[in-house]
Amino acid sequence: MSALLEVHDLSVDIPLRHGRLHAVRGVSLRVEAGEAIGVVGESGSGKTIMLRALLGLLPQPARIIGGSILLDGVEVTGMPAGRRHAALTEAVSMVFQDSLTALNPVMRVGEQIAEVPRHRLGMSRTAAHARAVELMDSVGIPEPERRYRAYPHELSGGMRQRIGIAIALSTQPRLILADEPTTALDVTIQAQVLDVLDTLRGEQQLGLVLVSHDLAVISQTCSRIYVMYAGRVVESGGAWALLGHPRHPYTYALLQSVPDPDAPVHRLLTIPGQPPDLTALPTGCPFAPRCAFAKTACTQEDPPLVPVTVTGEAAQLSACLRWDTAAHWPQWSEPSETDEPKLGATS
Ligand SMILES: Nc1ncnc2c1ncn2[C@@H]1O[C@H](COP(=O)(O)OP(=O)(O)O)[C@@H](O)[C@H]1O
Ligand code: SF4
Ligand SMILES: [Mg+2]
């Protein structure tokens with residue numbers, strides 16, 4: 001059976017005055033109905049451009065220069081723009097990072113949720129109102145009838161993000177793309193919003209692509225993880241395997257930089273150095289200048305993404321020439337007592 005979403009070898013370039021910026025470079029991924037996948041990587045790794053390419057919402061002058069996007073096995077990349085837009089908007093919705101700028105400040109939140117049911121799905125005013133209240137209830141907004149009449153600035157950040165999710169649901173999508181949906185929220189509210197997304201995934205068999213720079217957020221919700229660096233996927237696999245046994249030094253470094261919630265002082269370690277300039281990529285592995293394990297060979301070819309282990313059904317892939325030395329990588333922070341993933345991943 002076809003996956004809900006399959007992306008093969010997707011590449012996006014942004015032509016600039018001083019050259020071409022290779023924002024997304026040969027990304028492949030798959031989402032099944034009812035499955036949450038996570039995409040993680042530092043700022044600038046191409047996560048947002050990749051998501052926007054999936055929805056056909058690329059900023060000017062970015063262009064898809066290769067690859068394919070299949071929805072339920074049907075290729076949408078080659079469709080005429082109008083048909084592609086219709087196919088995508090029918091099946092896919094997006095939740096944005098900043099609900100305050102994504103929402104209309106002068107329109108009641110309930111009316112914003114009711115817009116699609118009223119105007120696109122052709123419901124009567126009363127039915128669209130009832131649908132909006134029902135959606136608000138399904139994303140855990142208390143007293144939805146009363147909050148229907150609120151303006152965005154009258155709600156907390158967490159409530160606004162729930163409104164953003166309700167708007168995304170109003171088109172009855174099968175796939176939700178969420179771009180850093182909890183980054184602006186504090187940790188407790190973050191967990192509540194992730195819980196809403198996770199419940200919807202389970203109850204409505206929604207596919208979910210959760211994008212974050214924060215591995216802790218991804219690990220709470222996603223069963224499979226894709227790690228992006230410099231526009232590429234450098235490691236992917238089942239969450240448990242990837243977090244417990246990273247096979248790429250970048251994933252390894254990201255794991256080391258997650259603060260330990262049990263530590264008395266939260267210290268966010270950062271990975272030394274900067275990601276490469278995407279208009280002038282070095283030959284060889286793009287992580288080499290920052291990699292603690294780089295050897296001469298690493299600067300000679302960009303390592304292909306290859307299967308390294310198979311746990312259950314999900315193959316773990318790594319784009320590191322030296323993945324097979326991972327068992328000997330030294331702990332960069334305190335060694336853990338057990339062999340379990342540091343972050344307590346989901347199944
Ligand atoms: N509208 C734009 N014009 C030019 N460059 C852009 C634009 N949007 C993103 N970029 C560049 O594309 C790369 C990927 O960006 P982005 O997808 O936003 O990264 P992320 O979401 O992972 O932080 C970055 O180098 C960024 O500077
Ligand atoms: S290929 Fe070499 S430089 Fe790149 S991540 Fe692996 S060890 Fe580091
Ligand atoms: Mg982004």
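Q: In which hand does H5 pass H7 in their crossing?
A: In this predicted model, the axes of helix H5 (residues 125-138) and helix H7 (residues 157-169) come within 9 Å. They cross at roughly 125 degrees. The crossing in which H5 passes H7 is right-handed.

Q: Is H5 roughly parallel, roughly perpendicular or oblique to H7?
A: The axes of H5 and H7 cross at roughly 125 degrees. Angles from 65 to 115 degrees count as roughly perpendicular and those over 145 as roughly antiparallel, the rest being oblique once those under 35 are set aside as roughly parallel. The crossing angle therefore makes H5, relative to H7, oblique.

Q: How do the residues of the contact of H5 with H7 divide into nonpolar, polar and charged?
A: Helix H5 contributes Arg131, Leu135, Met136 and Ser138, and helix H7 contributes Ile163, Ala166 and Leu169. Arg counts as charged, whereas Leu, Met, Ile and Ala count as nonpolar. The division is five nonpolar, one polar and one charged.

Q: Is H4 roughly parallel or roughly antiparallel to H7?
A: The axes of helix H4 (residues 109-120) and H7 come within 8 Å and cross at roughly 15 degrees. Angles under 35 degrees count as roughly parallel. The crossing of the two helices is right-handed. By its angle, therefore, H4 lies with respect to H7 roughly parallel.

Q: How many charged residues has the contact of H4 with H7?
A: On the H4 side the contact is made by Val109, Gln112 and Ile113, and on the H7 side by Ile163, Ala166 and Ile167. By class, five of these residues are nonpolar and one is polar. The number of charged residues is no more than zero, that is, no charged residues.

Q: Which strands stand at the edges of the open sheet, each with a single partner strand?
A: Four strands form this sheet, and their pairing is antiparallel. Their order is E2-E1-E4-E5. A strand with a single partner has one side left without a neighbour in the sheet, so the edges are held by strand E2 (19-31) and strand E5 (74-75).

Q: How many bridges join E1 to E2?
A: E1 and E2 form a hairpin with two residues between them. Among the bridge partners, leucine 16 has glycine 19 in E2, and leucine 5 has valine 31 in E2. The two strands run antiparallel, and the number of bridges joining them is nine.

Q: Which residue in E4 stands opposite leucine 5?
A: Strand E1 (residues 5-16) pairs with strand E4 (residues 63-71) in the antiparallel sense over seven bridges. Within E4, glycine 66 is the bridge partner of serine 11. The residue opposite leucine 5 in E4 is leucine 71.

Q: At about how many degrees to E1 does helix H1 run?
A: Helix H1 comprises residues 47-55. The helix lies across the three strands E1, E2 and E4. Its angle to E1 is about 115 degrees.

Q: Where is the place of proline 61, the residue that follows the cis peptide bond from glutamine 60?
A: The peptide bond from glutamine 60 to proline 61 is cis, with omega near 0 degrees. Proline 61 itself belongs to the loop between H1 and E4.

Q: In which strand is aspartate 9 found?
A: Aspartate 9 is a residue other than glycine, yet its phi has a positive value, near 55 degrees. The strand that holds aspartate 9 is E1.

Q: Near how many degrees is phi of alanine 230?
A: Alanine 230 is placed in the loop between strand E9 (224-229) and strand E10 (232-238). Its phi is a positive value in a residue other than glycine. That phi is near 50 degrees.

Q: How far apart do the C-alpha centres of domain 1 and domain 2 lie?
A: The protein chain is divided into domain 1 (5-222) and domain 2 (227-328). Their contact takes 23 residues from domain 1 and 20 residues from domain 2. The distance between the C-alpha centres of domain 1 and domain 2 is 27 Å.

Key
Residues are numbered from 1 along each chain as its sequence is written. Chains are lettered from A and ligands numbered from 1 in the order in which they are written. This is a predicted model: local features need pLDDT of at least 70, side-chain atom pairs count only at pLDDT 80 or more; totals for chains, interfaces and linings use all residues. Side-chain values use heavy atoms; hydrogens and water are left out. Axes are lines fitted to C-alpha atoms, for helices over the stretch in contact, and angles run from 0 to 180 degrees between N-to-C directions. A crossing is left-handed if the near helix is turned anticlockwise from the far one by less than a right angle, and right-handed if clockwise. Contact means heavy atoms within 4.5 Å. Two strands pair if DSSP finds at least two bridges between them. Domain bounds come from an automatic or database domain assignment.
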